[in-house]
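Welcome, and thanks for taking a look at this one with us. Please open the model in your viewer and keep the sequence to hand.

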Amino acid sequence: MKRSLFYLVTVLATIFLDISSAVDCNENKDKPRFYTCQGLTNLAQLDSLPDSTVGLRLEKSTISRIPADAFSRFAGSLIELRITGCSLESIEAHAFRGLDKLETLDLSNNRIQAIEASWVRGLFNLKELIVLRNRITRIEPEFYELLPKLQILDVAYNELVECITKENFKKLKNLKLVLIASNPWSYRCRSNMTYAFKTNHVNFIKDWSIGDLLIEECLAHEQGADTDDAILKQCVDRKSFESITPILPDLEQKVLELSNKVEELRNEVNNIKKRS
């Protein structure tokens, strides 16, 4: 019996040590009090870090939820927080409460579904919010009123459909750059946002290219496109096809030439093999 109990305790201790050793936190040699941590399964594993931590990057971890006041003990010092590629899905209200010195919040490459006012409230000094490559479908309207110093907003590679209006952009008085590529915006939404960015003097990075010109052309000349999204879409899609049709013969010729060249090279290689 004693031997069995001893064996059980030994196994449990080994498991505990394995789990503990999997968590790896290192201070950046070039940036004192900036730490990178990997292998976390819960935020309690950050207890070994000093309260004076200035920068914190969590990566290659599994943290599905951030509870309220999760980083409150770093309130007096933390200016940069990055939680990337951690399968993060849920952020509770007041998760970042007390971090009034925070300037950069990076939550990229996770599974977040919305930008909610409840977890950005109180981040008065935030200058950069990065949430690219999530599953975000909506941004709560109050969000735009809570970050007066925000300069960079990155919402690229998400599932946003609802337009970001000119009125909302005006509330972000210090906004300088927005990254919005690879979201399923409608053509009308793209047109409206382009106008909003330009009139508010905000730089923006998108992936619409020539599509912008076609949207404006359809809005100006296609009957009904100014009020009907279906008509606008049909017009833009049609003109997109028309714009590439003239170059199709040249492309086909190039493909044929390349195919012939590949065949010639293949024959040469076979001849060389036969001679050797």
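The report below goes through the sheet, the largest pocket, the disulfides and a few loop residues.

## The sheet

Please keep in mind that this is a predicted model. A good place to begin is the open sheet, which is built from 9 strands in the order β1-β2-β3-β5-β7-β9-β11-β12-β13, with mixed pairing. Its edges are β1 and β13 (203-205); each has a single partner strand, so one side of each is left without a neighbour in the sheet. On average, and with direction ignored, neighbouring strands of this sheet are turned by 10 degrees against each other. As a reminder, strands of a sheet pair through backbone hydrogen bonds, in either a parallel or an antiparallel way.

Walking along part of that order, you meet several parallel pairings. β2 and β3 run parallel and are joined by 5 bridges; here Q38 stands opposite E59 in β3. β3 and β5 also run parallel, with 5 bridges joining them, and L56 stands opposite L81 in β5. Next, β5 pairs with strand β7 (residues 104-106) in the parallel sense over 3 bridges. In that case R82 has D106 in β7 as its bridge partner.

How many of the 5 residues of β3 are buried? The count is 4 of the 5, so β3 is largely enclosed by the rest of the structure.

## The largest pocket

If you are thinking about grids and probes, the largest pocket has a volume of about 170 Å³. Its lining consists of N26, E27, N28, K31, F34, Y35, T36, G55, L56, R57, E80 and R82. Sorted by class, that lining has 3 nonpolar, 4 polar and 5 charged residues.

Which strands supply at least two residues each to this lining? They are β1 (24-27), β2 (34-38), β3 (55-59) and β5 (80-84). These four names also appear in the strand order of the open sheet, as β1-β2-β3-β5. Two of the lining residues have come up already: L56 lines the pocket and stands opposite L81 in β5, while R82 lines the pocket and has D106 as its bridge partner in β7.

## The disulfides

A disulfide is a covalent bond between the sulfur atoms of two cysteines. The model has 2 disulfides. One of them joins C25 to C37, with an S to S distance of 2.1 Å. C25 lies in strand β1 and C37 in strand β2, so this pair ties together parts that are 12 residues apart in sequence. The torsion about the S-S bond of C25 and C37 is about 120 degrees, so the disulfide is right-handed. The two ends differ in burial: C25 is partly exposed, with a relative accessible area of 24%, whereas C37 is buried at 0%.

Another disulfide joins C163 to C189, with S to S at 2.1 Å. This pair links distant parts of the chain, 26 residues apart: C163 is in the loop between β11 (152-154) and α4 (166-171), and C189 is in helix α5 (residues 187-199). C163 is partly exposed, with a relative accessible area of 25%, while C189 counts as buried at 1% relative accessibility. One more cysteine to look at is C86, which counts as buried at 0% relative accessibility.

## Loop residues to inspect

Most residues other than glycine have a negative phi. With that in mind, you may want to look at H94, which has a positive phi of about 65 degrees although it is not a glycine. H94 is found in the loop between β6 (90-91) and β7, and counts as partly exposed at 32% relative accessibility. S182 is another non-glycine residue with a positive phi, of about 60 degrees. S182 is found in the loop between β12 (177-179) and α5, and at 27% relative accessibility it counts as partly exposed.

Finally, where does D207 lie? D207 is in the loop between β13 and α6 (211-221), and counts as partly exposed at 43% relative accessibility. From C-alpha to C-alpha, D207 and L179 are 9.7 Å apart in space, and they are 28 residues apart in sequence.

Notes. Residues are numbered from 1 along each chain as its sequence is written. This is a predicted model: local features need pLDDT of at least 70, side-chain atom pairs count only at pLDDT 80 or more; totals for chains, interfaces and linings use all residues. Side-chain values use heavy atoms; hydrogens and water are left out. On a 1 Å grid over the protein atoms alone, a cavity is a set of points where a 1.4 Å probe fits but cannot get out, and a pocket is an open set with protein on both sides within 12 Å along at least five of seven lines; lining residues have an atom within 4 Å of a point. Grid points are joined across faces, edges and corners, and a volume is the space filled by probe spheres set on the points. Ala, Val, Leu, Ile, Met, Phe, Trp, Tyr, Cys and Pro count as nonpolar, Asp, Glu, Lys and Arg as charged, and the others, Gly among them, as polar. A disulfide is a pair of cysteine sulfur atoms within 2.5 Å. Buried means under 20% relative accessible area, exposed over 50%, partly exposed in between (1.4 Å probe, protein chains only). Two strands pair if DSSP finds at least two bridges between them. Axes are lines fitted to C-alpha atoms, for helices over the stretch in contact, and angles run from 0 to 180 degrees between N-to-C directions.
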